[in-house]
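Look at the ligand and the space around it. The questions below take up contacts, burial and pocket.

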Amino acid sequence: MSLADITARVDAAISAAGRSPDSVSLIAVSKMQPNARVEAVLREGHRSFGENRVQEAGGKWPEFREAFDNIDLHLIGPLQSNKVRQAFDLFQTIHSVDRPKLANAIARIADELGHCPDLFLQVNTGEEDQKAGVMPADADAFIAQCRDLNLPVKGLMCIPPVDEEPSLHFALLAKIAARNDLAGLSMGMSGDFESAIAQGATHIRVGSAIFGDRD
Ligand SMILES: *Cc1c(COP(=O)(O)O)cnc(C)c1O
């Protein structure tokens, strides 16, 4: 697979779903990929990338930003409250807002700095112990709480359980977003992005299908 192959599959899935051409953003997930592969995708003109660790992103993206304009960086992995300030420096969007303590820390730093990345709230649709995110039953209250903090909540994010049909989880996330008037849906990875697009994904996070297996 390559960026061009994935872009073609994304376009086909958008058109099969009867959605408008620019309704889905492809985030190329570059975590744990060699820099040469990331640079190749940058040279092809792609600008939207995802990383799941603040520290790893901080080690490679400042240099890429010097070499390429308009890089749009997304944090898709867990964020500790004490790394929020660094995350504000690096990322335009944070997809992993998963608990009140983190929302409060983001609000505090946003007030201090006068700006805030776009935010997606993570929902643990599979109610898995080991996975981050608020439980589906707590999602409405968490969304309201983040709105009370004046946070720029753009949508919801989920990572379905590996052994379950992902479309059920995508549908659940879409339902929670719709009843809360949230337009953004960050869902779909290498193995299931077409199904996510069919269910209304606005942001898909695709790593290995673009870059190959990770180190
Ligand atoms: C790694 C990761 C992805 C990309 O996974 P692939 O299977 O390589 O496409 C997407 N979302 C999150 C949250 C990830 O951590």
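Questions and answers on the ligand site follow.

This is a predicted model, in which local features need pLDDT of at least 70, side-chain atom pairs count only at pLDDT 80 or more, and totals for chains, interfaces and linings use all residues. Residues are numbered from 1 along each chain as its sequence is written, and side-chain values use heavy atoms, with hydrogens and water left out.

Q: Which residue has a side-chain N or O atom 2.5 Å from an oxygen atom of the ligand?
A: A polar contact with the ligand is a pair of N or O atoms within 3.5 Å. Arg205 offers a side-chain N or O atom at 2.9 Å, but to a ligand nitrogen. Ser208 reaches a ligand oxygen at 2.8 Å through a backbone N or O atom. The side-chain atom at 2.5 Å from a ligand oxygen belongs to Ser190.

Q: How much of the ligand's exposed area does the protein bury?
A: Accessible areas come from the Shrake-Rupley method with a 1.4 Å probe. Taken alone, the ligand exposes 390 Å². The buried part of that is 89%.

Q: How many charged residues are in the shell around the ligand?
A: Asp, Glu, Lys and Arg count as charged. The residues around the ligand (a heavy atom within 4 Å) include Lys31, Arg205 and Arg214. By class, the shell has five nonpolar and three polar residues, and its charged residues number three.

Conventions:
Polar contact = N/O pair within 3.5 Å; in protein donor to acceptor, adjacent residues only side chain to side chain.
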